[in-house]
Structure formats: structure tokens, C-alpha cells
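Here are three exercises to work through with the structure open beside you. Try each task before reading its solution.

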Amino acid sequence: MTLRDLLTTVDIQLLALPPLAVFLVALLLSLLVGRYTPGLLGLVVRRVSPQQGATIYNNLILPIKGTVKLAGTLLLVSLSMVWLEAASAGLYGFFRPLVDLAAIASVAWLASRLFRQFVRSYGIAMLRRLGREVDELLLVFETVANVIIGFIAVLAFAQSQQFNLVGLIASLGISGIALGLAAQKILEQLLSTLVLYLDRPFVPGEYIRQGDRQLCRVESIGLRSTKLRTAAKSTLIIVPNSKLVNEEIENVSRAKKVMVMLYMDFVRPLREEDAALVKQVVTRSTESLFGIDPGSTNISFPAATEPAKNGGFAASHARVTFFILGSSESSIELRKRLLELANDNIASELQAYGIEFTLQEPTVYVESPVTL
């Protein structure tokens, strides 16, 4: 029996089953196949690009394998809802909006994670090849992209429910302009709140100083104002969000450093001049990175392990320590990615001088928060 005959037989048998039974079978297959979505995508990527397929899979798909599984499963479940409509219109009408919402939200989250992985894996390297400085503007670009993805997801869900959201927004345009002119102060507060949530100069629970005020703890960020609790008197200060957007804010909680420790194992013991070259290359490469504390790079060679022929000592290991400065988890992750690229550059430059080494895994990161 050929594959075509087998598929025809399966189709006939499925058509002979009640629609509800077909839906349950399709639902079970969706749950089973969804678990293997990352592997199937990997096969497709390797087939389309045999040379770079494995690298693309490891950089883009493998780190977000769980998100890919969830999105693939929910999409297949959404497709299987066709048989539920034939079995029970009432159940279909109840579950369809929920399934559509879950599927669209999972796809939007997957698109956001894929975009982030692409920027981390390829965007930073592309900017450096173009001679551009990589800074936290890249994080702002990611935030804007996430807002666009979220807006498209909202439009897609509205369209799936036969709700003309675009038409509603257009019809409210003139009324919105008139309302905006009448409520400029309220809109200013709401837009300031939106800026605080997107830019995130502080979050609830952090300690900040606003202007000349004493140290305060952020209690909450509301639609119009932010509540601050003073550290000394425990009194509550309510500050309009528009004022916080326009004033200088000192975030004390984010005044932390992350110490990075790298351990280099050299293929051959280094002479004194080789060790000096390693210090020069590593110091130049790390201190040129965005977000590295200038002057914090320290390179030490543990007690030389083998006597050199010239009477000196040869070093087979080196320990590199320096500090990363970051204002948030995302910015620290960005600097860690820059550090990975710097390690590749260090290896290439030293290899040109005949010095080869391997880095001990994993790289050690030690947080050093500020003492309040």
C-alpha cells in the first residue's frame, strides 16, 4: 500500500467518525505534535540553509524552545477547532474566543522573543561591523518593537472576533481630538505614566532620590501619580508623573556592579613578553566595551607553573576580573552579550600572535549591590 492510499484510508475512517470524536483526535494530535515543534522547525531551517542551519537553530530557536512549543501547540489546537464547530456550535462559540486569544498571545510572545534573540545574536555583531557603538538605545528599540508586536496582536484578535477596531479608532478620531483639547492636563499625566512604564527609570520597591529630596522608596506607580515613602520618617509623598518625567531622578537601588571573572587556560606556557601582550590585548578589548567600568580590568597570572629556559617563569593560566555597570537586567544581559563578542575578538587577535587559549566555563558573575 502506498502512502497516498494510506492517507486516503485514514481520511475515510475520520469522515466515518462523529465530529466530536474527530475533534478529540485532532486535539490529542495537536498536543503531541506541538511538543516537537522546535525539532520540526530545526529540520526546516537545516533543509533551507544546510550550512548555517545548525547555527541559526542554536542561536534563535533553542534558547526559546519552551515558547516555540507553546505557540506551536496552541496554533494546532486553534486549527482543530473546525471539527468542534461541526460537533457543537454552542461549545465552539464559547471556546473559540479563548483559544484565539491564547494562540494570538503566544504567537506575539514568540515573535517578541525571536526578535530579542535575533538582536542579541546577530544585531549587535552587525552594528559593530558597521562601526556603530552599541548602547542602551538598542533596548529602547526592542521596547518599540514589542509595542508594535502587541498592537498587531490586538488588531489580529479583534479581527478574528469580527470586531472592526480600526474603524472604531477612526470614528473616534474627531471626538478624541475634541476631548484631548478639553482634558490636556489629564492626557499629560496619562502620557507621562506611559513614558514611565516604557522607559522604566524605576520600579516599585526601588529606592530613589528626586531632586534635593531625601531617600525614598517607590511604593506604587499609578495612572496619575507615583507614591514615594521616605526612608527616615516613613511619610508618604505623592508626586505627579508628569513631574517625575521632567525631573532628575537618582536610582540608588540600581547603583550596583557585577564583577566578571574569566579564567584563561593557555595551550602553551607563556613567556614574560607573551604575558605582557595578553594583558595589553585583554585590557584594550574589555575597556573599549560599552558598560564596562573604566580602569577596573585586572589580569593576574597565578604562580608560574613551569620554569622557563631563560630563568624566568612561564604562566599557563590567567585570571581576568572587571566590573560591568548596568541599570537593569536587560542592560546587564546586553553587556554580557557584548562580552561574548569581545572574547571572540581577543581569541582572534591573540591567535594571530601564536597564543591560543580556552576559557573555563561557565563565566563567573558576582553581583555587588549598593549598601543603603
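Two strands pair if DSSP finds at least two bridges between them; helices (H or I, at least four residues) and strands (E, at least two) are DSSP runs, numbered from the N terminus. The model is a predicted one, in which local features need pLDDT of at least 70 and side-chain atom pairs count only at pLDDT 80 or more, while totals for chains, interfaces and linings use all residues. Residues are numbered from 1 along each chain as its sequence is written, and side-chain values use heavy atoms, with hydrogens and water left out.

**Exercise 1. Trace the strand pairing that involves S3.**

Step 1. Begin with strand S2 (residues 216-221) and strand S3 (residues 225-230), which pair in the antiparallel sense over five bridges. Three residues separate S2 from S3 in their hairpin.

Step 2. Now move on to strand S4 (residues 236-240): S3 and S4 run antiparallel and are joined by five bridges. Their hairpin has five residues between the strands, and Ser234 takes a positive phi near 60° there.

Step 3. Follow one row of partners. Val218 has Leu228 of S3 as its bridge partner, and Leu228 in turn has Ile237 of S4.

**Exercise 2. Find the nonpolar cores.**

Step 1. Fix the term: a nonpolar core is a set of buried Ala, Val, Leu, Ile, Met, Phe, Trp, Tyr and Cys residues joined through side-chain atoms within 4.5 Å. Buried means under 20% relative accessible area (1.4 Å probe, protein chains only).

Step 2. The largest core has 31 residues, and Met264, Phe266, Val278, Phe322 and Leu350 touch the most other members. Among the elements that each supply at least two of its residues are helix H6 (89-129), strand S6 (256-270) and helix H13 (329-352). H13 gives the most, with eight residues.

Step 3. Apart from this core lies another, of ten residues, including Leu196, Leu228, Ile237 and Val239.

**Exercise 3. Which residues line the largest cavity?**

Step 1. On a 1 Å grid over the protein atoms alone, a cavity is a set of points where a 1.4 Å probe fits but cannot get out, and lining residues have an atom within 4 Å of a point. Grid points are joined across faces, edges and corners, and a volume is the space filled by probe spheres set on the points.

Step 2. The whole structure yields one cavity of 30 Å³ or more, and the largest cavity holds about 50 Å³.

Step 3. Its lining consists of Leu262, Met264, Val282, Thr286, Val320, Asn343, Ile346, Phe357 and Leu359.

Definitions and conventions. Buried < 20%, exposed > 50% of the residue type's maximum accessible area, 1.4 Å probe, protein only. 1 Å grid on protein atoms, 1.4 Å probe; cavity = no way out; pocket = protein on both sides within 12 Å on 5 of 7 lines; lining within 4 Å.
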